[in-house]
Amino acid sequence: MLTLTRVEEAMTKGVGLGTSPGEEPARGRPDRESRETVGTVTVENPRMVCRGVNVFYGDKQAIRNVSIDIGRNEVLAMIGPSGCGKSTFIRCLNRMNDTIEGCRVTGEILLDGVNIYDRKVDVVPLRAQVGMVFQKPNPFPKSVYENVAYGPRIHGLARNRAELDEIVERALRKAGLWDEVKDRLHEPGTGLSGGQQQRLCIARTIAVNPEIILMDEPCSALDPIATSVIEDLIFELRTQYSICIVTHSMQQAARVSQRTAYFHLGDLIEVGPTDRIFTNPRHPLTQDYITGRFG
Amino acid sequence: MPPFVLLAVLLAFSAAAYHLGRRRAFALAGAGGRAQRLHSRPNYHGALVALWCALPAILLFALWLAFESQVITRIVVEGLPEPQRSLPGDRLSLIVNDIRNVAGGRFEETAADPAVREAAATYRRLLGLSRQALAVVTLSLAAAMALLVRRRLRPTLRARNHVEGILTAMLVACSTIAVFTTVGIVLSVVYEAVLFFRIIPVGEFLFGLSWSPQMAIRADQVGASGAFGAVPVFLGTALISAIAMVVAVPIGLMSAIYLSEYAGKSFRAVAKPLIEILAGIPTVVYGFFAALTVAPFVRDAGGLLGLDVASESALAAGVVMGIMIIPFVCSLSDDFINAVPQSLRDGAYSLGATRSETVRRVVVPAALPGIMGGILLAVSRAIGETMIVVMAAGLAANLTVNPLKAVTTVTVQIVTLLIGDQEFDSPKTLAAFALGLVLFVVTLCLNVIALYIVRRYREQYE
């Protein structure tokens, strides 16, 4: 019910709302100076709902009035020029910004109908539900096994060693890393190649059974082959998780995502089905970015 | 000309030589500032002339001052009347001392022996002559070298390479000073220790269980003949250091964790300097604190519990020493914890780890090599610490690991042995050097182990 009122509010504020991603109402081209979100921000049966999100670093506003839904089993790509706030926004979704001093978030971010910024919400289980993979692979200085077992251990997901072994194997298999590391589970995770390290970090995230996986430019430190392995992985993971991915590569967004959101200097400019955004962007700024005029 | 004025003049010479060389280089390059014709830029030509001007002269200056006094003394002794000249070595050196003191005006001249007075006059005259000669020789050497090198400047001269070579040589010389100092210290200690081991066998010293270095000064005295078994002394050091570490490691490490992971900016800004003040307190003051406050407190507290605590207990000294090294452990651990990349913390937080889980399972293990290194440094420091134990731990060389008893440490024994009233070549005094040698070896081993641990962890984690 709460969700519904928020949606209505968003409607009266003039945020573009449609029925479903496939059938957006056709409109005229918005003005270049317009900062209202173009396209459809809602989806049916969303997993996460963001309404009127503002983020401030001290006095500086990094995100202005962003409203967007994250659907089930979909990959949502966030693109935009450097410094446009896409990383800041994605870090709001599991409250990683809490660790940054002077960072303040207003607005509503609902996960399954509950505002995650509500005072009653505990951030620890939230982050277990909404996992995150970072730009630079950051395996812990522990063995491959311990890296993956870390999350299940702290959350008590396994009752004994055998169960833990099983969880670790399943996570590594899902991350497509099992065959490469099964013989060296007890060697340091930092000894793997960059692409393997990143898949290890994905396995580590999967091991705690999240519902949503946030990825902040997961391939920007990797070579093209490792990148394509990770992209295939993202494509497969979509069947079980909702995935938000921030990327600098428009090709990557086009390859892995179903919906794309374009950010510009803290504003969410345009949201829509990925193929529509890339073939027929409506906002002039989106068009400029996609055609490579800046960014 | 006093030596320091001479040195200043030399520096002025070399500054002038720099400009000389630079001007010459510009002249060589030709009109219109075509410095590209030169192999090296004019600055390097100037620097080359300046270095050649200053370095040989300064070297000569240093050597001259180093050997001046010896040479003059020998000449003066040669000039002494026969009876004094043929005196045995130690008496002669007394007379030489007198001569120098009279010459330096530190003695009333009239009080001295006429022969000494005459020798002193000679000494003073020779010294004056030597200083004049020094000024003339060094300054002319500097000028000659500058002019010589200036004449050899050519456009093709590889002045830059020469200057770089000279600078490298100077850096090497400076770093070898530190090495040679270490070697010198080791050799001097080893020399005296060998003298000691000629009297007391090494095995008896290292494994003997009784330490009682009092020796009879006169043959008719009833006294111990001296027992030099170092085990009680080293056990005392180990005991006190262990107590110190038990105090310092948990407190230091936990305050470091609090400061770096939990504390707000403003609290940290106040607390960190306050903790570091602990490191600035002179150890003598810690000694008062241990002897006058902590030791009686420990004794009384032990009395309440029905324990028999010596008024100079290992516990009191160890606790105060532990407090003293808290800032070491805290400051070093804090640095290493801060050096753990934020990305590792983010990784743990993003898996739903709490702060303490992140700290225990990720941050501290990642910082562990550095923390271990810091702890071992603190151990070396505790073993070498002297003042606190001199004042609070006592002198009784008890063979015990009971922290409530009085024990003594290596450093305390070295101090008491050396401020004794015995001849310098008695075993009692020489024992200090043997103790010092073993202490040196122990701290050296600790440092090697620390380096080994740090390297092993680093290989594992990088």
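Colleague: How many residues of chain B are in contact with chain A, and with how many residues there?

Modeller: 18 residues of chain B are in contact with 24 of chain A, where contact means that two C-beta atoms, placed from the backbone, lie within 7 Å. This is a predicted model, in which local features need pLDDT of at least 70, side-chain atom pairs count only at pLDDT 80 or more, and totals for chains, interfaces and linings use all residues. Residues are numbered from 1 along each chain as its sequence is written, with chains lettered from A and ligands numbered from 1 in the order in which they are written.

Colleague: Which element gives the largest share of the side of chain B that touches chain A?

Modeller: That is α12(B), with 6 residues. Helices here are DSSP runs of H or I with at least four residues, numbered from the N terminus.

Colleague: Why is helix α4 of chain A called largely enclosed?

Modeller: A residue is buried if 20 or more other C-beta atoms lie within 10 Å of its own, exposed if 12 or fewer, and partly exposed in between. In α4(A), residues 144-155, 9 of the 12 residues are buried, so the rest of the structure largely encloses this helix. Among them are A:Val148 and A:Tyr150.

Colleague: What covers those buried residues of α4(A)?

Modeller: The cover includes α5, α6 and α7 of chain A, together with α13 of chain B.

Colleague: And how do you know whether A:Thr291 is buried or exposed?

Modeller: A:Thr291, in the segment after α11 of chain A, has 10 other C-beta atoms within 10 Å, so A:Thr291 is exposed.

How values were computed: Helices (H or I, at least four residues) and strands (E, at least two) are DSSP runs, numbered from the N terminus.
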